[in-house]
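Hello,

I am passing a structure on to you, and I hope you enjoy exploring it. Please open it first and keep it beside you while you read my notes.

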Amino acid sequence: MPNSVISGFTHNFLGKAPVWYKQVILLFLAINPISFYVFGPGVTGWLLIAEFIFTLAMALKCYPLLPGGLLAVEALLIGLTTPDAVYMEVLTNFPVILLLMFMVAGIYFMKELLLVTFTQILVGVRSKSALSLLFCGAAALLSAFLDALTVTAVIISVAVGFFSVYHKVASGKGYQHKDHNANSDDDVIELHREDLENFRAFLRSLLMHGAIGTALGGVATMVGEPQNLLIAKVVGWDFASFFMHMAPVSIPVLFAGLTTCWLLEKLRWFGYGGRLPKPVRRVLEEFADNERNKRTKADQAALWIQALAALILVVGLAFHLAEVGLIGLLVIILITSFTGITDEHQIGKAFQESLPFTSLLVVFFAIVAVIHEQHLFKPIIEYVLSLPMEQQPGMFFIANGLLSMISDNVFVATVYISEIKQALDAGSISYDHFQTLAIAINTGTNLPSVATPNGQAAFLFLLTSAIAPLVRLSYGRMVIMAFPYTIVMGAVGLFMVINHI
């Protein structure tokens, strides 16, 4: 315990994070102002990006909102960006913030339906390869018409439900035990520890297959990812024309991705191939039977309401009847109104998962504002546009992919599509070439960006969600598990961009 006020400050700084981690963050905060005045804003901007990525990589040591937020505040204080620039980034991405606030909460109120549905799939499909293909393919299909973050929220909700059920049993408790901490293995019975670790490996692989699936499907349509809609508006494509322009790249990559999924499960490489232990399967089967037997008429009515809300959600998102976040709010209103959830504190629990990540995303936009203000990517864009025309699509794909890995694919796509639109308006490129480059930008920001969790919001959401610490899914492990997909999707995507668009 601290024996002085100073030691109390030291103890409280970043809470239970390791001492070495606290020292590294303090070192970052000390170095940045010195770097700014010695080397200038450009070098310091790249240094800040590296530091922020470090906080994401260490997400299991300390939630990145805290150290990342301190770095963002310091960037504002030393003049790397301005509050107005951060506000404009947030305003530009306000639909994503709305989505996180309301859609993730909406999914929370559908968790009973999701758990029932996916439990039947999990206990019904015994082949792990088939189950993985099903998760990856379903995520791809849903992401093409819905939104990758929404689909990821569904997968996370289901995985948390599965893990909690077995963790209670492994700790010697019943399914319905309320006050249970799934983050701690202290009460886990020794007999169940090996099965619990194998179950973690099983869920990790399903989560990663599902997350990759959101990228495979998200690239194909104008509603799949936020930047797709922006690119479609700038180029002048509707839903059908966007799909047709992307199909020469997105369809081959989809089949390559699904093949990779199947091979990884068969070969058990890169952390894949974990099987569902038989004791765990028995527990989940018993849980499903128990839930079905004790379901009252009111519970059945609630499931029907959730199913109706899910249908409204799919139709609303597929036809883009309103902003995604507003549709999520509609889902919350419908389900709570017709299932008897009227207490403010009950409703508030739904927002516990989404609001920390929403705050982290705002901090991320502050880092993006630094990139924008300091024009850190501009030399790369100018170099690519100076190349011969036939080389530009492939180089745009590579440049977008690499930058999306370290930054944000929405921001990278926004910057690049704006630059080539200016080139079109200036008469430097033709409209046909402009469309070709738009395809390269869209596929480049959507496919290789799966390499790191900060490349796509859905991956970052998965890393910082409740399920990540439960199944020991760290930044490094996500990078390793995404590596084979990155190589395959990147290589096939690049080949198709160079040769078939």
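Below is what I found, starting with the domains and moving on to single residues and salt bridges.

A word on the model before anything else. This is a predicted model, in which local features need pLDDT of at least 70 and side-chain atom pairs count only at pLDDT 80 or more, while totals for chains, interfaces and linings use all residues. Residues are numbered from 1 along each chain as its sequence is written, and side-chain values use heavy atoms, with hydrogens and water left out.

**The two domains**

The chain is divided into domain 1, residues 13–80, and domain 2, residues 81–500; these bounds come from an automatic or database domain assignment. Their C-alpha centres lie 27 Å apart. In the contact between them, domain 1 takes part with 22 residues and domain 2 with 27 residues, where contact means heavy atoms within 4.5 Å.

How much area is buried between domain 1 and domain 2? It is about 2100 Å², and carbon and sulfur atoms give 81% of it. Buried area here is the accessible area (1.4 Å probe) that two parts lose on being put together, summed over both.

The rule finds zero salt bridges across this interface. (A salt bridge is a side-chain nitrogen of Lys or Arg within 4 Å of a carboxyl oxygen of Asp or Glu.) It does find three residue pairs in polar contact across the interface, both residues at pLDDT 80 or more. A polar contact is a pair of N or O atoms within 3.5 Å; within protein, one must be able to donate a hydrogen and the other to accept it, and residues adjacent in sequence count only if both atoms are side-chain atoms.

On the side of domain 1 that touches domain 2, helix H3 (41–57) and helix H4 (65–78) each supply at least two residues. The largest share, 10 residues, comes from H3. Helices (H or I, at least four residues) and strands (E, at least two) are DSSP runs, numbered from the N terminus. By class, this side of domain 1 has 17 nonpolar, five polar and no charged residues. For these classes, Ala, Val, Leu, Ile, Met, Phe, Trp, Tyr, Cys and Pro count as nonpolar, Asp, Glu, Lys and Arg as charged, and the others, Gly among them, as polar.

**Two residues to look up**

Try Ile 367, which is found in helix H17 (residues 354–373). Is Ile 367 buried or exposed? It is buried, because its relative accessible area is 4%; buried means under 20% relative accessible area, exposed over 50%, and partly exposed in between (1.4 Å probe, protein chains only). Leaving aside neighbours within four places in sequence, Ile 367 is in contact with Leu 48, Ile 49, Phe 52 and Ala 72.

Thr 486 sits in helix H24 (residues 475–500). With a relative accessible area of 11%, Thr 486 is also buried. Not counting residues up to four places away in sequence, Thr 486 touches Met 405, Pro 448, Val 450, Ala 451 and Ala 491.

**Salt bridges**

Side chains of opposite charge can pair when their charged atoms come close. The structure holds five salt bridges.

One of them joins Glu 265 to Lys 128, with the closest N and O atoms 3.1 Å apart. Glu 265 lies in helix H12 (residues 239–267) and Lys 128 in helix H8 (residues 128–145), so this pair ties together parts that are 137 residues apart in sequence. Glu 265 is buried, at 0% relative accessible area, and Lys 128 is buried too, at 5%.

Glu 265 also forms a salt bridge with Arg 275, where the closest N and O atoms are 3.5 Å apart. Arg 275 belongs to the loop between H12 and helix H13 (278–293), and at 31% relative accessibility it counts as partly exposed. Lys 128, Glu 265 and Arg 275 are thus linked in a network of salt bridges.

Another salt bridge is formed by the side chains of Asp 425 and Lys 421 (3.0 Å, N to O). Both residues lie in helix H20 (residues 409–425), four residues apart, about one turn of the helix. Asp 425 is exposed, at 55% relative accessibility, whereas Lys 421 is partly exposed, at 27%.

Happy exploring!
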